[in-house]
Amino acid sequence: MIKYASQNIIKYTILVLLVVNTGIPIINILTKSQSLFSTFFPFIGPYAQYFIAGWYFAHNDISRRTHKQIYILGIIMLFFEIIATIYFSFYVKQLPGLNYPGGIVKTFFDIAMLPSFCVMCALFLIFKQTEPKLQKSDSFRKYLAQGAGLTFGIYLLHPFIITWLLVPFNNYLTALPLLIKMVIDPIFVYLLSGVITFLIRKMKYLRWLMP
(Lines give C-alpha, C1' and ligand atoms only; values in the text may rest on other atoms or scores of the structure.)
Protein backbone atom coordinates (compact mmCIF):
# COMPACT_ATOMS: atom_id res chain seq x y z
CA MET A 1 0.00 0.00 0.00
CA ILE A 2 2.79 2.40 0.94
CA LYS A 3 4.75 1.77 -2.24
CA TYR A 4 1.88 2.48 -4.62
CA ALA A 5 -0.44 4.76 -2.67
CA SER A 6 -0.80 8.42 -3.52
CA GLN A 7 0.41 11.10 -1.13
CA ASN A 8 -3.18 12.02 -0.24
CA ILE A 9 -4.06 8.43 0.70
CA ILE A 10 -0.99 8.26 2.93
CA LYS A 11 -1.89 11.57 4.61
CA TYR A 12 -5.49 10.47 5.20
CA THR A 13 -4.30 7.13 6.59
CA ILE A 14 -2.04 8.91 9.09
CA LEU A 15 -4.94 11.19 10.02
CA VAL A 16 -7.24 8.21 10.71
CA LEU A 17 -4.55 6.55 12.82
CA LEU A 18 -4.04 9.71 14.85
CA VAL A 19 -7.77 10.21 15.42
CA VAL A 20 -8.19 6.64 16.69
CA ASN A 21 -4.98 6.44 18.72
CA THR A 22 -5.44 9.90 20.27
CA GLY A 23 -9.23 10.18 20.41
CA ILE A 24 -9.92 6.97 22.33
CA PRO A 25 -7.37 7.66 25.12
CA ILE A 26 -8.75 11.21 25.49
CA ILE A 27 -12.27 9.76 25.89
CA ASN A 28 -10.86 7.29 28.42
CA ILE A 29 -9.23 10.00 30.51
CA LEU A 30 -12.35 12.21 30.45
CA THR A 31 -14.73 9.37 31.34
CA LYS A 32 -12.23 7.61 33.63
CA SER A 33 -12.84 4.38 31.78
CA GLN A 34 -10.65 2.06 29.73
CA SER A 35 -11.62 1.06 26.21
CA LEU A 36 -10.14 -1.99 24.49
CA PHE A 37 -11.42 -0.98 21.05
CA SER A 38 -8.01 -0.35 19.54
CA THR A 39 -6.66 -3.74 20.61
CA PHE A 40 -9.05 -5.49 18.21
CA PHE A 41 -7.53 -3.85 15.14
CA PRO A 42 -3.73 -4.29 14.92
CA PHE A 43 -3.45 -2.00 11.89
CA ILE A 44 -4.56 1.02 13.88
CA GLY A 45 -1.89 0.44 16.51
CA PRO A 46 0.36 3.39 17.29
CA TYR A 47 3.45 2.15 15.46
CA ALA A 48 1.66 2.03 12.11
CA GLN A 49 1.41 5.83 12.04
CA TYR A 50 5.16 6.17 12.68
CA PHE A 51 6.06 3.66 9.98
CA ILE A 52 3.90 5.38 7.37
CA ALA A 53 4.95 8.90 8.39
CA GLY A 54 8.63 7.88 8.37
CA TRP A 55 8.29 6.48 4.86
CA TYR A 56 6.52 9.66 3.73
CA PHE A 57 9.21 11.98 5.12
CA ALA A 58 12.02 9.81 3.73
CA HIS A 59 10.63 9.66 0.18
CA ASN A 60 9.13 13.12 -0.24
CA ASP A 61 10.67 16.58 -0.27
CA ILE A 62 9.41 18.74 2.57
CA SER A 63 9.34 22.50 1.99
CA ARG A 64 11.24 24.87 4.26
CA ARG A 65 7.96 26.38 5.45
CA THR A 66 6.57 22.95 6.38
CA HIS A 67 9.83 22.16 8.19
CA LYS A 68 9.39 25.23 10.38
CA GLN A 69 5.73 24.44 11.04
CA ILE A 70 6.58 20.88 12.14
CA TYR A 71 9.42 22.12 14.37
CA ILE A 72 7.19 24.74 16.03
CA LEU A 73 4.38 22.21 16.51
CA GLY A 74 6.86 19.69 17.94
CA ILE A 75 8.16 22.21 20.51
CA ILE A 76 4.62 23.24 21.51
CA MET A 77 3.52 19.62 21.88
CA LEU A 78 6.63 18.75 23.90
CA PHE A 79 5.78 21.40 26.48
CA PHE A 80 2.11 20.39 26.38
CA GLU A 81 2.76 16.71 27.12
CA ILE A 82 5.13 17.58 29.97
CA ILE A 83 2.68 20.03 31.58
CA ALA A 84 -0.38 17.80 31.01
CA THR A 85 1.39 14.74 32.44
CA ILE A 86 2.39 16.64 35.58
CA TYR A 87 -1.06 18.20 36.04
CA PHE A 88 -3.08 15.00 35.60
CA SER A 89 -0.64 12.94 37.67
CA PHE A 90 -0.92 15.31 40.63
CA TYR A 91 -4.47 16.64 40.44
CA VAL A 92 -6.62 14.28 38.32
CA LYS A 93 -5.98 10.66 39.29
CA GLN A 94 -7.04 8.10 36.69
CA LEU A 95 -7.72 4.37 36.60
CA PRO A 96 -4.69 2.22 37.49
CA GLY A 97 -4.83 0.67 34.03
CA LEU A 98 -4.10 4.06 32.49
CA ASN A 99 -1.21 4.84 34.84
CA TYR A 100 2.39 3.81 35.27
CA PRO A 101 3.47 2.69 38.76
CA GLY A 102 3.35 5.53 41.26
CA GLY A 103 0.30 7.15 39.71
CA ILE A 104 2.04 8.73 36.72
CA VAL A 105 -0.61 9.34 34.05
CA LYS A 106 0.92 8.10 30.81
CA THR A 107 -1.80 9.26 28.40
CA PHE A 108 -0.25 12.51 27.24
CA PHE A 109 3.29 11.27 26.64
CA ASP A 110 2.23 7.85 25.36
CA ILE A 111 3.83 7.05 22.01
CA ALA A 112 0.40 6.68 20.36
CA MET A 113 -0.77 10.18 21.20
CA LEU A 114 -0.67 13.24 18.96
CA PRO A 115 1.81 15.23 21.13
CA SER A 116 4.44 12.47 21.01
CA PHE A 117 3.79 11.93 17.31
CA CYS A 118 4.45 15.63 16.58
CA VAL A 119 7.65 15.58 18.63
CA MET A 120 8.89 12.43 16.88
CA CYS A 121 8.13 13.87 13.43
CA ALA A 122 10.19 16.95 14.29
CA LEU A 123 13.07 14.77 15.50
CA PHE A 124 12.87 12.64 12.37
CA LEU A 125 13.21 15.71 10.16
CA ILE A 126 16.14 16.98 12.25
CA PHE A 127 17.98 13.68 11.78
CA LYS A 128 17.14 13.65 8.09
CA GLN A 129 18.60 17.14 7.65
CA THR A 130 21.72 16.46 9.70
CA GLU A 131 22.40 12.97 8.30
CA PRO A 132 24.95 14.15 5.68
CA LYS A 133 26.96 15.89 8.42
CA LEU A 134 26.75 12.92 10.79
CA GLN A 135 27.95 10.55 8.09
CA LYS A 136 31.27 12.41 7.90
CA SER A 137 32.33 11.13 11.31
CA ASP A 138 33.37 7.46 11.16
CA SER A 139 33.28 6.98 14.93
CA PHE A 140 29.88 8.60 15.31
CA ARG A 141 28.50 6.56 12.42
CA LYS A 142 29.80 3.40 14.08
CA TYR A 143 28.23 4.14 17.48
CA LEU A 144 25.02 5.34 15.86
CA ALA A 145 24.68 2.04 13.99
CA GLN A 146 25.33 0.08 17.19
CA GLY A 147 22.76 2.10 19.10
CA ALA A 148 20.20 1.76 16.31
CA GLY A 149 20.71 -2.00 16.42
CA LEU A 150 19.44 -2.06 20.01
CA THR A 151 16.19 -0.21 19.37
CA PHE A 152 14.11 -3.23 18.34
CA GLY A 153 15.21 -5.15 21.43
CA ILE A 154 14.39 -2.15 23.62
CA TYR A 155 10.95 -2.03 22.03
CA LEU A 156 10.39 -5.74 22.77
CA LEU A 157 11.70 -5.66 26.36
CA HIS A 158 10.44 -2.38 27.78
CA PRO A 159 6.86 -3.59 28.56
CA PHE A 160 8.30 -6.42 30.67
CA ILE A 161 10.63 -4.02 32.48
CA ILE A 162 7.69 -1.74 33.28
CA THR A 163 5.48 -4.63 34.44
CA TRP A 164 7.99 -6.61 36.49
CA LEU A 165 10.81 -4.29 37.58
CA LEU A 166 9.53 -0.73 37.70
CA VAL A 167 7.54 -1.18 40.92
CA PRO A 168 10.45 -2.81 42.84
CA PHE A 169 12.75 -0.09 41.48
CA ASN A 170 10.39 2.63 42.70
CA ASN A 171 10.34 1.05 46.16
CA TYR A 172 13.89 2.38 46.53
CA LEU A 173 12.72 5.84 45.50
CA THR A 174 9.85 6.30 47.94
CA ALA A 175 11.50 9.36 49.46
CA LEU A 176 11.72 11.12 46.10
CA PRO A 177 8.94 13.43 44.83
CA LEU A 178 6.71 12.11 42.05
CA LEU A 179 8.08 14.78 39.71
CA ILE A 180 11.59 13.32 40.04
CA LYS A 181 10.28 9.81 39.38
CA MET A 182 8.74 11.07 36.13
CA VAL A 183 12.26 11.81 34.93
CA ILE A 184 14.06 8.80 36.41
CA ASP A 185 11.58 6.03 35.50
CA PRO A 186 11.73 6.30 31.67
CA ILE A 187 15.53 6.61 31.76
CA PHE A 188 15.73 3.49 33.95
CA VAL A 189 13.42 1.50 31.64
CA TYR A 190 15.24 2.60 28.48
CA LEU A 191 18.77 1.99 29.76
CA LEU A 192 17.97 -1.36 31.38
CA SER A 193 16.19 -2.56 28.23
CA GLY A 194 19.20 -1.49 26.18
CA VAL A 195 21.71 -3.23 28.47
CA ILE A 196 19.72 -6.48 28.47
CA THR A 197 19.39 -6.34 24.68
CA PHE A 198 23.13 -5.74 24.32
CA LEU A 199 23.97 -8.69 26.60
CA ILE A 200 21.54 -11.06 24.87
CA ARG A 201 23.04 -10.20 21.48
CA LYS A 202 26.46 -11.16 22.85
CA MET A 203 25.27 -14.66 23.88
CA LYS A 204 25.90 -17.28 21.25
CA TYR A 205 22.69 -19.27 21.65
CA LEU A 206 20.37 -16.40 22.51
CA ARG A 207 21.35 -13.70 20.02
CA TRP A 208 18.68 -14.91 17.59
CA LEU A 209 16.07 -13.57 20.04
CA MET A 210 17.19 -10.00 19.31
CA PRO A 211 17.63 -9.61 15.52
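**Note on the core, a pocket and helix α5**

1. The largest nonpolar core of this predicted model is made up of 16 residues. Ile14, Phe57, Ile70 and Phe117 have the most contacts inside this core. Two or more core residues come from each of α1, α2 and α4. The biggest share is that of α2, which gives six residues. As a general point, nonpolar side chains tend to be buried together in soluble globular proteins.

2. The second largest pocket holds about 380 Å³ of space. It is lined by 18 residues, and those closest to its centre are Ile14, Phe57, Ile70, Phe117 and Cys121. Four elements each give two or more residues to the lining: α1 (7-31), α2 (46-59), α3 (64-91) and α4 (114-134). By type, the lining of this pocket has 13 nonpolar residues, three polar and two charged.

3. Points 1 and 2 should be read together. Ile14, Phe57, Ile70 and Phe117 are the residues with the most contacts inside the core, and these four are also among the residues closest to the centre of the second largest pocket.

4. Helix α5 covers residues 138-164, 27 residues in total. From the first C-alpha to the last, α5 reaches 39 Å, close to the expected 39 Å at 1.5 Å a residue.

5. Where is the kink in α5? It lies at Leu157, shortly before the proline Pro159, and amounts to about 40°. Leu157 is also one of the buried residues of α5. The others are Leu150, Gly153, Ile154, Ile161 and Ile162.

Conventions: Residues are numbered from 1 along each chain as its sequence is written. This is a predicted model: local features need pLDDT of at least 70, side-chain atom pairs count only at pLDDT 80 or more; totals for chains, interfaces and linings use all residues. Side-chain values use heavy atoms; hydrogens and water are left out. On a 1 Å grid over the protein atoms alone, a cavity is a set of points where a 1.4 Å probe fits but cannot get out, and a pocket is an open set with protein on both sides within 12 Å along at least five of seven lines; lining residues have an atom within 4 Å of a point. Grid points are joined across faces, edges and corners, and a volume is the space filled by probe spheres set on the points. Ala, Val, Leu, Ile, Met, Phe, Trp, Tyr, Cys and Pro count as nonpolar, Asp, Glu, Lys and Arg as charged, and the others, Gly among them, as polar. The expected span of a helix is 1.5 Å times one less than its number of residues. The bend at a residue is the angle between axes fitted to the seven residues ending there and the seven starting there. Buried means under 20% relative accessible area, exposed over 50%, partly exposed in between (1.4 Å probe, protein chains only). A nonpolar core is a set of buried Ala, Val, Leu, Ile, Met, Phe, Trp, Tyr and Cys residues joined through side-chain atoms within 4.5 Å.
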